[in-house]
Amino acid sequence: MAKDDTKTNAPRIWIRVGITRDLDYFIENLSMLVSSGMSMLDAIRGIGKELRSKKMRQVGKWISDEIEAGSSLSDALLKTKLFPDHIVTLIHIGEETGKLSENLALVGVQQKKDRMFRSKLKSALMYPIFVLSLTLIVGTAIAWFILPKLALVFGQLRIELPLLTTWLIASGHFLSEWGFIAVPAFLGFVALAFYVVFYFPKTKIIGQIILFHFPGTGGLIQQVEIARFSYLLGTLLEAGLPITRALESLEEAATFPHYKKFYAYLKTSVEEGNSLQKSFAAYKKLHSLIPSPVQQVIVAGEKSGKLSESLSKINETYEANIETTTKNLTVILEPVLLVIVWLGVVGVALAVILPIYNLIGGFNADPTQRTEEEPAQENVIVPTAPEITVATSSPDVVVEPMLTLTVLENDLGYLNVRDEASTAGMVIGRVYPGESYEYTEEDVGWYRIILEDESGWVYGDYVEISETNEE
């Protein structure tokens, strides 16, 4: 006996990822084949051969074996735990009333609508997710590969950098050294956080609450849930299911916690003998879940005995609204995303341009007030004219001093050597503080010095003149 019980255990599928399409395919084609006159067993076996997932083919074979052994379709589907309870309930009602093919057709339509609702939500979120992900990837690539090179250039200029540029260069240095570890770790953290917030069964309620209160998506979620509520409740009532059992199935099919809580309350209230009108009036902040016009239509349908027809009209209206809202949401989000991307681009551009602008401003400064090398300092050494001393002991021998200058400290850390005694001259070299050079002439504060293989002019504000006598 224990052996037989083991054989009747349904195959377990812990993760439904990748088999959702096969589940929809199974139900839709089953309703079509049964309504065409094919026997249930032959229909299931034929569909099982077409399923793509190996696990779903095992489930299909197990269901056919169960039916062949005398089990009903609803009992077999219930044991698999792959189909929502309201779908199993509809099939069970169809088996009891002799309308299995009609109810299977209803289930097929319901599956299509659920798939449509999910598709609308995903398409509304796909565009912003794609744009933000692309922006993140491009920004990371710039910081990783381009910023370290800019940091090297700005470092050689030896100028004071703006705070924004300093931060950008620091991030570039960090990525150049730790990027191969930091970037994969960051992307892994983002993916894990996204999974925990939006997909992990025990914590996805956080993501649902965020989406429900997020501007734009909150309105779309409300319309999707109202359309699902009106269609499921109307379909279950029309199939002959009691309203309390229909509300229980509705609670199980709900996706977002706010609506699941409301449906649970509604089922309890109706079980206590309250009408829908009284139940609506007693629930706080119901207008944020179901607008007042929808409540009035439901109450009117309840009073007239045509609740399922009223729910069908609500479903038709909100399905049309979902289509319009999805298009409008994309149009609304587009300028917001463009502003976010624009801010990122402007931030990087300012970080690169501001140091260059400051450098050009230094080049164009007034030479009478500020030299290109550095601003004038308070203590400026004014060179005195060198004296030529003639030896008195011998009128035939003249001792001439060697005229030299020493480069003084300055903020730049060097002086440019030019081919003319002017800031307009071409830079032909550099000299550094502490170095001494022989100079041959002076021209309005500029001194011609002798380099290794040529001569050039340096400005005299940052040099010290000295002389050395040679015998």
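**Figure 1. Overview of the chain in the predicted model.** The secondary structure of the chain, taken here from a predicted model, comes to 15 helices and seven strands. Of its 471 residues, 36% count as buried. When contacts between residues at least 6 apart in sequence are considered, 62% of them join residues that are at least 24 apart.

**Figure 2. Close-up of helix 3, residues 40-50, and its buried face.** The buried residues of helix 3 are M40, L41, A43, I44, I47 and G48. Viewed down the axis of helix 3, these buried residues fall within an arc of 160°, so they line one face of the helix. K49 and E50, by contrast, are exposed on the other side of helix 3. As general background, an α-helix has 3.6 residues a turn, so residues three or four places apart point the same way.

**Figure 3. Close-up of the packing of helix 4 and helix 5.** Helix 4, which spans residues 54-68, packs with helix 5 at an angle of about 140°, and their axes are 9 Å apart. Helix 4 and helix 5 are therefore oblique to each other, and their crossing is right-handed. On the side of helix 4 the contact involves V59, W62, I63, E66 and I67, which meet L73, A76, L77, K79 and T80 in helix 5. Sorted by class, the residues in this contact of helix 4 with helix 5 are seven nonpolar, one polar and two charged.

**Figure 4. Close-up of the packing of helix 5 and helix 6.** Helix 5 (residues 73-80) and helix 6 (residues 85-97) pack with an angle of about 165° between them and with their axes 8 Å apart. That angle makes helix 5 roughly antiparallel to helix 6, since the cut-off for this description is an angle over 145 degrees. The crossing of helix 5 and helix 6 is left-handed. Helix 5 contributes L73, S74, L77 and L78, and these meet D85, V88, I91, H92 and E95 in helix 6. The residues of the contact of helix 5 with helix 6 divide into five nonpolar, two polar and two charged. L73 and L77 of helix 5, listed here, are also among the residues that meet helix 4.

**Figure 5. Close-up of the crossing of helix 10 and helix 11.** The axes of helix 10 and helix 11, the latter covering residues 243-253, come within 9 Å and cross at roughly 145°. The crossing of this pair, helix 10 and helix 11, is right-handed. The residues that make the contact are R228, F229, L232, L233, L236 and L237 of helix 10, together with I243, A246, L247, S249, L250 and A253 of helix 11. By class, the contact of helix 10 with helix 11 has ten nonpolar residues, one polar and one charged.

**Figure 6. Close-up of the surroundings of A227 in helix 10.** A227 is found in helix 10, which runs over residues 217-238. With a relative accessibility of 0%, A227 counts as buried, because the cut-off for a buried residue is under 20% relative accessible area. Once its neighbours within four places in sequence are left aside, A227 is in contact with F117, N315, Y318 and I322. A227 and E319 are 92 residues apart in sequence, while their C-alpha atoms are 6.3 Å apart in space.

**Figure 7. Close-up of K285 and S310, a loop residue and a helix residue.** K285 is found in the loop between helix 13 (276-282) and helix 14 (292-304), and its phi is near 55°, a positive value in a residue other than glycine. K285 is exposed, with a relative accessible area of 66%. S310 lies in helix 15, which covers residues 307-363, and at 13% relative accessibility S310 counts as buried. Not counting residues up to four places away in sequence, S310 touches V297 and G301.

**Figure 8. Close-up of G445 in the loop between strand 4 and strand 5.** The place of G445 is in the loop that lies between strand 4 (436-443) and strand 5 (446-450). G445 counts as partly exposed, at 26% relative accessibility. Leaving aside neighbours within four places in sequence, G445 is in contact with V458, Y459 and G460. The C-alpha atoms of G445 and S422, which are 23 residues apart along the chain, are separated by 9.7 Å.

Methods:
Residues numbered from 1 in each chain as written. Predicted model: local features only at pLDDT ≥ 70, side-chain atom pairs only at ≥ 80, totals over all residues. Heavy atoms only, no water. Axes fitted to C-alpha atoms, helices over the stretch in contact; angles between N-to-C directions. Helix = DSSP H or I, 4+ residues; strand = E, 2+ residues; numbered from the N terminus. Parallel < 35°, antiparallel > 145°, perpendicular 65-115°, else oblique. Left-handed = near helix turned anticlockwise from the far one by under 90°. Contact = heavy atoms within 4.5 Å. Nonpolar A, V, L, I, M, F, W, Y, C, P; charged D, E, K, R; others polar. Buried < 20%, exposed > 50% of the residue type's maximum accessible area, 1.4 Å probe, protein only. Arc of directions from axis to C-beta.
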